[in-house]
Amino acid sequence: MAVERTLSIIKPNAVAKNAVGAILARFEEAGLRIVAARMLHLTREQASAFYAVHQERPFFGELVDFMTSGPVMVQVLEGENAVAANREVMGATDPAKAAPGTIRADFADSLTENAVHGSDAPETAAVEIGFFFPEGVCERTR
Ligand code: RTP
Ligand code: MG
């Protein structure tokens with residue numbers, strides 16, 4: 001299986017509860033390497049553009065309000081099958097349905113405030129990595 005990269009966001013509710021380190025450790029424990037990272041407070045324009053695929057959904061306004069409510073930590077994760085591996089450690093979108101021991105089971109506050117984002121396919125990962133790291137990401141990381 002090929003080494004892949006995926007885009008991960010620790011959302012404002014998890015940053016606010018001081019869980020950045022605990023969540024980054026979950027990625028490392030799952031065999032994912034952090035190969036780029038930055039903290040920023042998204043503007044409404046950035047959050048709307050990032051989640052443009054959801055702009056017609058009823059929850060879009062609430063999602064943009066939440067994602068701009070405080071700083072986020074954005075990282076690129078690298079590993080075997082990284083897109084799927086990250087979504088497995090994240091758990092289901094709805095924390096009520098997230099498996100025990102997953103990040104969302106342990107750090108989400110609601111369906112909207114669900115602690116983390118992860119790219120849903122290698123193609124979207126490439127676009128999302130470019131969105132947050134337009135200057136590029138290290139080719140070699142070890
Ligand atoms: P994400 O994109 O953040 O990794 O989450 P996901 O793939 O598991 O879920 P997605 O369907 O892409 O939804 C994006 C984010 O929108 C919020 N959401 N709210 N209130 C609602 O019905 C609802 N549904 C989704 C969540 O923050 C979700 O992660
Ligand atoms: Mg999604």
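The dialogue below walks through the surroundings of a ligand and a few residues in a predicted model.

Trainee: Since this is my introduction to the structure, I would like to begin with the ligand: how many residues surround ligand 1, and which are the closest?

Mentor: A residue belongs to the surroundings when one of its heavy atoms lies within 4 Å of the molecule. In this model 14 residues surround ligand 1, and the closest are Tyr51, Thr93, Thr112, Asn114 and His117. By class, that shell holds five nonpolar, six polar and three charged residues.

Trainee: Which helix and which strand each supply at least two residues of the shell around ligand 1?

Mentor: They are helix H5, which spans residues 82-90, and strand S4, which spans residues 116-118.

Trainee: How should I read polar contacts here, and which side chains have an N or O atom at a short listed distance from an oxygen atom of ligand 1?

Mentor: The general idea is to look for a pair of N or O atoms within 3.5 Å. In the side chain of histidine 54, an N or O atom is 2.9 Å from an oxygen atom of ligand 1, while for the side chain of arginine 104 the corresponding distance is 3.2 Å. Histidine 117 also has a polar side-chain atom, and this one lies 2.8 Å from an oxygen atom of the ligand. As for cover, ligand 1 on its own has 560 Å² of accessible area, of which the protein covers 82%.

Trainee: In which pocket does ligand 1 sit?

Mentor: Ligand 1 sits in the largest pocket.

Trainee: Let us turn to single residues: is methionine 67 buried or exposed, and where is its place?

Mentor: The word buried is used for a relative accessible area under 20%. Methionine 67, whose place is in helix H4 (residues 60-67), has a relative accessible area of 0% and is therefore buried. In sequence it is 56 residues from lysine 11, yet the two are 6.7 Å apart in space, C-alpha to C-alpha.

Trainee: Is alanine 125 buried or exposed?

Mentor: Alanine 125, a residue of helix H7 (residues 122-132), counts as buried because its relative accessibility is 1%. Its C-alpha atom is separated by 9.8 Å from that of alanine 82, with their positions 43 residues apart along the chain.

Trainee: What is the phi of asparagine 18, and where is this residue found?

Mentor: For the backbone, one reads the sign of the angle together with the residue type, and asparagine 18 has a positive phi, near 65°, in a residue other than glycine. It is found in the loop between helix H1 (12-16) and helix H2 (20-29), and it counts as exposed because its relative accessibility is 70%. Asparagine 81, which is not a glycine either, has a positive phi of about 55°, and it is found in the loop between strand S3 (72-80) and H5. At 30% relative accessibility, asparagine 81 counts as partly exposed.

Trainee: Which backbone oxygen lies 3.5 Å from a polar atom of the side chain of glutamine 75?

Mentor: That oxygen belongs to methionine 73. Glutamine 75 is found in strand S3 and is buried, with a relative accessible area of 0%. A further case is asparagine 13 in helix H1, which is buried at 6% relative accessible area; a polar atom of its side chain lies 3.3 Å from the backbone oxygen of phenylalanine 107.

Conventions:
Residues numbered from 1 in each chain as written. Chains lettered and ligands numbered in written order. Predicted model: local features only at pLDDT ≥ 70, side-chain atom pairs only at ≥ 80, totals over all residues. Heavy atoms only, no water. Polar contact = N/O pair within 3.5 Å; in protein donor to acceptor, adjacent residues only side chain to side chain. Areas by Shrake-Rupley, 256 points an atom, 1.4 Å probe, with all protein chains shown as cover. 1 Å grid on protein atoms, 1.4 Å probe; cavity = no way out; pocket = protein on both sides within 12 Å on 5 of 7 lines; lining within 4 Å. Sits in = over half its atoms within 2 Å of the grid points. Helix = DSSP H or I, 4+ residues; strand = E, 2+ residues; numbered from the N terminus. Nonpolar A, V, L, I, M, F, W, Y, C, P; charged D, E, K, R; others polar. Buried < 20%, exposed > 50% of the residue type's maximum accessible area, 1.4 Å probe, protein only.
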